[in-house]
Amino acid sequence: ISAFLILIVIGSVLPNHVKVSWRAGRNRTTGIVMGSVMLILSISALFLYYGSEESRDTALWTHWIVGIVVFIVFPLHVLAGRWKVKAREPLDRTQAP
């Protein structure tokens with residue numbers, strides 16, 4: 001069930017978030033890494049469900065390792081986006097430090 005839910009989330013993010021950010025040139029490197037990681041997870045999940053017995057061990061380890069990498073890459077992607085937004089914000093000189 002969780003695999004289908006994450007695919008729905010990815011599908012809902014693609015039309016807006018990815019498209020707008022790509023056109024604006026923001027966060028492309030970590031965005032490409034996130035997209036690649038999600039693609040690898042999707043493919044390895046398909047191999048786990050529908051692949052042969054020979055491909056199962058490779059798909060299993062790939063899915064586990066890349067799944068763990070998501071917990072590193074996703075926060076970096078979010079933080080990179082926030083850092084870039086903060087860097088673009090003009091300094092507000094009307095507020096006291």
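A residue is termed buried when its relative accessible area is under 20%, and exposed when that area is over 50%. By this criterion, the buried residues of helix α2 in this predicted model are Met 34, Val 37, Met 38, Leu 41, Ser 44 and Ala 45. Helix α2 comprises the 23 residues 28-50, and at 1.5 Å a residue it should span 33 Å; the C-alpha atoms at its ends lie 32 Å apart, in agreement with that expectation.

The protein as a whole contains three helices and zero strands, and its elements follow the pattern α-α-α along the sequence. Of its 97 residues, 18% are buried. The protein exposes about 8000 Å², of which 70% is supplied by carbon and sulfur atoms. Among contacts with a sequence separation of 6 or more, 61% are accounted for by residues 24 or more positions apart.

In soluble globular proteins, nonpolar side chains tend to be buried together. In the present model, the largest nonpolar core consists of seven residues, namely Met 34, Val 37, Met 38, Leu 41, Val 66, Val 70 and Val 73. Helices α2 and α3 (53-88) are the elements that give two or more residues to this core. The greatest contribution comes from α2, with four residues. One member of the core, Met 38, touches Ile 10 and Val 70 when residues up to four places away in sequence are not counted.

A further buried position is found in helix α3, where His 77 is located. The relative accessibility of His 77 is 13%, and the residue therefore counts as buried, since the limit for that class is under 20%. With neighbours within four places in sequence left aside, His 77 is in contact with His 17, Asn 27, Thr 30, Gly 31 and Met 34. Of these partners, Met 34 is also listed among the buried residues of α2 and belongs to the largest nonpolar core.

Nonpolar residues also occur at the surface. Phe 4, Ile 6, Leu 7, Val 9, Val 13, Leu 14 and Val 18 form a nonpolar patch there, and together they have about 590 Å² of accessible area. Ile 6, one of the patch residues, is placed in helix α1, which covers residues 2-24. Because its relative accessibility is 42%, Ile 6 counts as partly exposed; this class lies between the buried limit of 20% and the exposed limit of 50%.

How values were computed:
Residues are numbered from 1 along each chain as its sequence is written. This is a predicted model: local features need pLDDT of at least 70, side-chain atom pairs count only at pLDDT 80 or more; totals for chains, interfaces and linings use all residues. Side-chain values use heavy atoms; hydrogens and water are left out. The expected span of a helix is 1.5 Å times one less than its number of residues. Buried means under 20% relative accessible area, exposed over 50%, partly exposed in between (1.4 Å probe, protein chains only). Patches are made of residues with over 30% relative accessible area and no salt bridge: like charges are joined within 9 Å, nonpolar side chains (Val, Leu, Ile, Met, Phe, Trp, Tyr) within 5 Å. Accessible areas come from the Shrake-Rupley method with a 1.4 Å probe; for residues, only the protein chains shown count as cover. A salt bridge is a side-chain nitrogen of Lys or Arg within 4 Å of a carboxyl oxygen of Asp or Glu. A nonpolar core is a set of buried Ala, Val, Leu, Ile, Met, Phe, Trp, Tyr and Cys residues joined through side-chain atoms within 4.5 Å. Contact means heavy atoms within 4.5 Å.
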